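Colleague: I would like to learn how to read a model like this one, step by step. Could you take me through the features that I should look at?

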Amino acid sequence: MTEETSNKDRLALLVEEGDIAADYLEELLDIADLDGDIELDVENDRALVEIVTDESSSRLDRLVGNDGRVLDALQELTRLAVQNSTGERSRLMLDIAGFRADRRRELTAIAEEAITRVKATGESVMLEPMNPFERKVCHDVVAREGLSSESEGVEPNRCVVILVPAEEDSTDEGVESVEAESSSESAESAASADESAE
């Protein structure tokens, strides 16, 4: 099998995941008597599913919940519905009414400000505790800027630490690598809760 064929097969699987998720979420919206359109996409080897609405004051906010906790739970349920249908674990990312997109922009600004501090002071910076989705966003921003980051702590208080360049900093012991963070993000539960995303 060529790499191109393999990529097409992978894309087809992700599109199928999105379709299954959309069917599941449409039933949920019907049961809850909520209006919303479902948009599907594939990005960074992950199916993206979003419930959107034209209403300015959206009743969909109830499906987001405080700090996105309900959204995280719905994402996990949707992943389980997809897994039940395909037999494969899903890493799909669910967004509702743009909550994750807005949070991604906010986290990007937070990470960029922290990166500026690291470069200015030559000292590592620890960010506030975040869920796996939020930490992944910060790790991606740090990597894009050419720096390194790690996660430390235990859920629900795991934090991203942005490190100074290796020649200026001695490594901290007992801190997990970004690769470990990525794998823990893919195995997130509804309680720790999130798309990847990548």
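**Reading the sheet and its helices**

Modeller: This is a predicted model, and a good place to begin is helix α3 (residues 99-121), which lies across β4 and β6 and runs at about 155° to β4. Helix α4 (residues 132-144) also packs on the sheet, where it touches β4, β5 and β6, and its direction makes about 160° with that of β5.

Colleague: In what order do the strands of this open sheet come, and is their pairing parallel or antiparallel?

Modeller: The general idea is that strands of a sheet pair through backbone hydrogen bonds, in either a parallel or an antiparallel way. Here the open sheet has 3 strands in the order β4-β6-β5, and the pairing is antiparallel. Its edge strands are β4 (125-129) and β5 (148-152), each of which pairs on one side only, and the twist from one strand to the next averages 25°.

Colleague: How many bridges join β5 to β6, and which residue in β6 is the bridge partner of Ser149?

Modeller: Strands β5 and β6 run antiparallel and are joined by 5 bridges, and the partner of Ser149 is Ile162 in β6.

Colleague: Which elements of the protein have the lowest and the highest mean pLDDT?

Modeller: pLDDT is the predictor's confidence in each residue, from 0 to 100. For the protein the mean is 83, with 81% of its residues reaching 70 or more. Among the elements, strand β6 (residues 159-163) has the highest mean, 96, while helix α5 (residues 178-186) has the lowest, 42. Over residues 168-198 pLDDT stays under 50, although the model has 87 contacts beyond four places in sequence for these residues.

Note on methods. Residues are numbered from 1 along each chain as its sequence is written. This is a predicted model: local features need pLDDT of at least 70, side-chain atom pairs count only at pLDDT 80 or more; totals for chains, interfaces and linings use all residues. Side-chain values use heavy atoms; hydrogens and water are left out. Helices (H or I, at least four residues) and strands (E, at least two) are DSSP runs, numbered from the N terminus. Contact means heavy atoms within 4.5 Å. Two strands pair if DSSP finds at least two bridges between them. Axes are lines fitted to C-alpha atoms, for helices over the stretch in contact, and angles run from 0 to 180 degrees between N-to-C directions.
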